[in-house]
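Here is a small set of exercises to work through with the viewer open. Try each task yourself before reading the solution below it.

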Amino acid sequence: MAHLLSASCPSVISLNNSSSSKSSIKPFGLGQTFFNPQCLSTSSLKGLLFQEKKPRRTNSVFRATAVPISQQAPPETSTNDSSSKPKRVMVIGGDGYCGWATALHLSKKNYEVCIVDNLVRRLFDHQLGLESLTPIASIHDRISRWKALTGKSIELYVGDICDFEFLAESFKSFEPDSVVHFGEQRSAPYSMIDRSRAVFTQHNNVIGTLNVLFAIKEFGEECHLVKLGTMGEYGTPNIDIEEGFITITHNGRTDTLPYPKQASSFYHLSKVHDSHNIAFTCKAWGIRATDLNQGVVYGVKTDETEMHEELRNRLDYDAVFGTALNRFCVQAAVGHPLTVYGKGGQTRGYLDIRDTVQCVEIAIANPAKAGEFRVFNQFTEQFSVNELASLVTKAGLKLGLDVKKMTVPNPRVEAEEHYYNAKHTKLMDLGLEPHYMSESLLDSLLNFAVQFKDRVDTKQIMPSVSWKKIGVKTKSMTS
Ligand SMILES: O=c1ccn([C@@H]2O[C@H](COP(=O)(O)OP(=O)(O)O[C@H]3O[C@H](CS(=O)(=O)O)[C@@H](O)[C@H](O)[C@H]3O)[C@@H](O)[C@H]2O)c(=O)[nH]1
């Protein structure tokens with residue numbers, strides 16, 4: 001039942017660490033406390049650091065020129081001596097949908113990977129009464145299974161990056177060459193539930209990223225930040241969307257300026273604020289950073305998550321965390337009409353989760369220069385909501401599913417018919433080989449949804465968060 005928003009919740013929640021005994025990872029460091037997103041003070045936050053023995057790192061070396069990913073040797077087998085040292089990648093938010101798939105992919109590609117995560121995504125589900133379509137193993141069991149299958153270790157640091165002491169310890173301990181930062185509250189509807197969720201989202205995201213920037217400055221100034229931004233930072237302007245910057249001539253003078261930002265939720269705005277902070281620190285401190293303005297991700301399987309059921313990824317279909325195409329496939333599987341919000345002309349960039357992991361790998365392998373703030377638009381194709389609904393209807397028919405669509409009054413404030421043409425060439429230039437949306441992908445996703453359809457709670461499908469009705473009162477999800 002989705003009714004926990006109004007319930008009182010303890011300020012400190014014990015972390016169930018029972019499964020860690022199965023793995024080789026050993027806890028050390030700070031106390032066993034866990035972050036409660038309702039309590040915005042970070043002073044009480046502590047982290048848990050789980051560590052395996054690792055070889056001491058020598059100096060990090062960055063490749064200076066872009067090399068298509070398909071032509072690159074894996075880090076430890078490169079013939080170039082300077083790049084033969086393992087690249088150490090810290091994946092912040094490595095227990096989440098994109099983060100878990102990415103951590104495994106980079107580990108498979110022989111990067112030394114650590115995950116930093118406060119596991120709060122799992123707590124959001126408990127609080128809102130939601131569950132992934134797919135059963136997912138604990139982070140400890142996931143990492144143990146990966147080690148058992150591949151022999152590769154992933155270090156785990158459990159804690160909150162808003163707690164700088166925790167982040168600093170993690171940085172000093174792991175000494176990353178690159179930090180991939182997925183560790184943000186990433187749902188637009190979540191950020192629009194009520195005042196406390198809006199404040200939490202911006203605090204968590206903006207302060208977390210600021211802490212990462214300070215950690216890089218203080219403990220690893222060569223470290224490359226690969227930050228997950230969003231295409232939603234740009235909004236839906238009536239002109240082409242460029243990749244981060246636009247050259248403007250005004251009153252006879254010309255300059256290349258950050259592309260205008262018109263985000264349309266407190267979540268999307270948090271990413272705008274992040275971008276500004278990152279751009280500033282690149283200039284002021286010489287930080288090297290890549291802002292990946294990612295579109296809407298779909299799919300669930302990657303080569304690595306497919307290897308065992310304990311490596312399986314989460315798949316959200318609810319109206320708070322579920323994204324459009326994933327939701328439509330689950331709706332089709334359970335015979336729920338596809339929930340098209342408003343006129344359905346809302347157009348966005350989309351990408352397969354297999355391309356998310358590829359894009360991040362490309363960004364890491366081709367780092368930004370010192371002081372450079374790069375922006376890549378990370379998506380492969382554009383679709384309107386109506387187009388997605390048609391694709392799912394067609395694919396469903398082939399599987400014998402009777403797919404209907406319904407018009408739902410739009411809970412969001414967004415243009416429902418608009419021009420949309422966003423550039424996305426920079427990752428392709430660096431070697432991205434896209435998995436375009438295909439009949440076979442839709443078949444596979446629909447079949448996956450059918451396989452787990454008994455786990456669907458149909459009460460979670462219709463939207464209950466309104467952009468216009470957000471208020472200061474803590475919202476009860478039953479009202
Ligand atoms: O049942 C639904 C769900 C969504 N939509 C519409 O589909 C579009 C996309 O919505 P979404 O929920 O799939 O994605 P969004 O809220 O924009 O956020 C997701 O996609 C963003 C990329 S982007 O959309 O900003 O490019 C990421 O930043 C976020 O982390 C991720 O949750 C919106 O116009 C929405 O109104 C529907 O019509 N019906």
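**Exercise 1. Two unusual backbone angles**

Task: Look at asparagine 110 and decide whether it is buried or exposed.

Solution. Start with the accessibility: the relative accessible area of asparagine 110 is 18%. The cut-off for buried is under 20%, so asparagine 110 counts as buried. Next, place the residue: asparagine 110 sits in the loop that links α1 and β4. Finally, check its backbone: phi is positive, about 75 degrees, although asparagine 110 is not a glycine. Keep in mind that you are working with a predicted model.

Glutamate 175 also has a positive phi without being a glycine, here about 55 degrees. Its loop runs between α4 (164–174) and β6 (178–181).

**Exercise 2. The chain as a whole**

Task: Find how many helices and strands the chain has, and what percentage of its residues is buried.

Solution. Counting elements gives 12 helices and 16 strands. Of the 479 residues in the chain, 56% are buried. Now turn to the surface: the accessible area of the chain is about 19500 Å², and carbon and sulfur atoms account for 53% of it. To finish, take the contacts between residues at least 6 apart in sequence: 82% of them join residues at least 24 apart.

**Exercise 3. The largest nonpolar core**

Task: Work out which residues have the most contacts inside the largest nonpolar core, and which element supplies its largest share.

Solution. A general tendency is a good place to begin: in soluble globular proteins, nonpolar side chains tend to be buried together. In this model, the largest nonpolar core holds 39 residues, and Ile115, Val180 and Ile364 have the most contacts within it. At least two core residues come from each of β3 (88–92), α1 (97–108), β4 (112–117), α3 (139–150), β5 (154–158), β7 (224–230) and α9 (353–365). The largest share, eight residues, is supplied by α9. Apart from this core there is another, with 33 residues, including Leu315, Tyr350, Phe452 and Ile461.

Now zoom in on valine 180. Setting aside neighbours within four places in sequence, valine 180 is in contact with Val89, Met90, Val91, Ile92, Val226, Leu228, Val360 and Ile364.

**Exercise 4. Helix α7 and what covers it**

Task: Compare the span of helix α7 with the expected one, then identify which elements cover its buried residues.

Solution. Helix α7 runs over residues 266–285, 20 residues in total. From first to last C-alpha, α7 reaches 28 Å, close to the 28 Å expected at 1.5 Å a residue. The buried residues of α7 are Tyr267, His268, Ser270, Lys271, Val272, Asp274, Ser275, Ile278, Thr281 and Cys282. Their cover includes α5 (188–191), α6 (195–219), β7, β10 (288–294) and β14 (373–378). After the helix comes glycine 286, with a positive phi near 80 degrees.

For a single example, take serine 270, which lies in α7. Serine 270 counts as buried because its relative accessible area is 0%. Beyond neighbours within four places in sequence, serine 270 is in contact with Thr201, Gln202, Asn205 and Val206.

**Exercise 5. A mostly covered helix**

Task: Find how many residues of helix α2 are buried and which elements they pack against.

Solution. Helix α2 spans residues 120–128, and eight of its nine residues are buried. Among them are Arg121, Arg122 and Asp125, along with Leu123 and Phe124. The packing partners of these buried residues are β4, α3, α5 and α6. Glycine 129 follows α2 and has a positive phi, near 75 degrees.

**Exercise 6. The ligand and its shell**

Task: Identify which residues come nearest to the ligand and how much of its area the protein buries.

Solution. The shell around the ligand has 23 residues, with Arg186, Tyr267, Ala324, Thr339 and Glu414 coming nearest. Then look for polar atoms. A ligand oxygen lies 2.7 Å from a polar backbone atom of arginine 186, and a ligand oxygen is also 2.7 Å from a polar backbone atom of alanine 324. For arginine 348, a side-chain N or O atom is 3.4 Å from an oxygen atom of the ligand. On its own the ligand exposes 730 Å², and the protein buries 95% of that. Two or more shell residues come from each of α7, α8 (324–334) and β12 (338–341).

Conventions: Residues are numbered from 1 along each chain as its sequence is written. This is a predicted model: local features need pLDDT of at least 70, side-chain atom pairs count only at pLDDT 80 or more; totals for chains, interfaces and linings use all residues. Side-chain values use heavy atoms; hydrogens and water are left out. A nonpolar core is a set of buried Ala, Val, Leu, Ile, Met, Phe, Trp, Tyr and Cys residues joined through side-chain atoms within 4.5 Å. Buried means under 20% relative accessible area, exposed over 50%, partly exposed in between (1.4 Å probe, protein chains only). Helices (H or I, at least four residues) and strands (E, at least two) are DSSP runs, numbered from the N terminus. Contact means heavy atoms within 4.5 Å. The expected span of a helix is 1.5 Å times one less than its number of residues. A residue is near a molecule or strand if one of its heavy atoms lies within 4 Å of it. A polar contact is a pair of N or O atoms within 3.5 Å; within protein, one must be able to donate a hydrogen and the other to accept it, and residues adjacent in sequence count only if both atoms are side-chain atoms. Accessible areas come from the Shrake-Rupley method with a 1.4 Å probe; for residues, only the protein chains shown count as cover.
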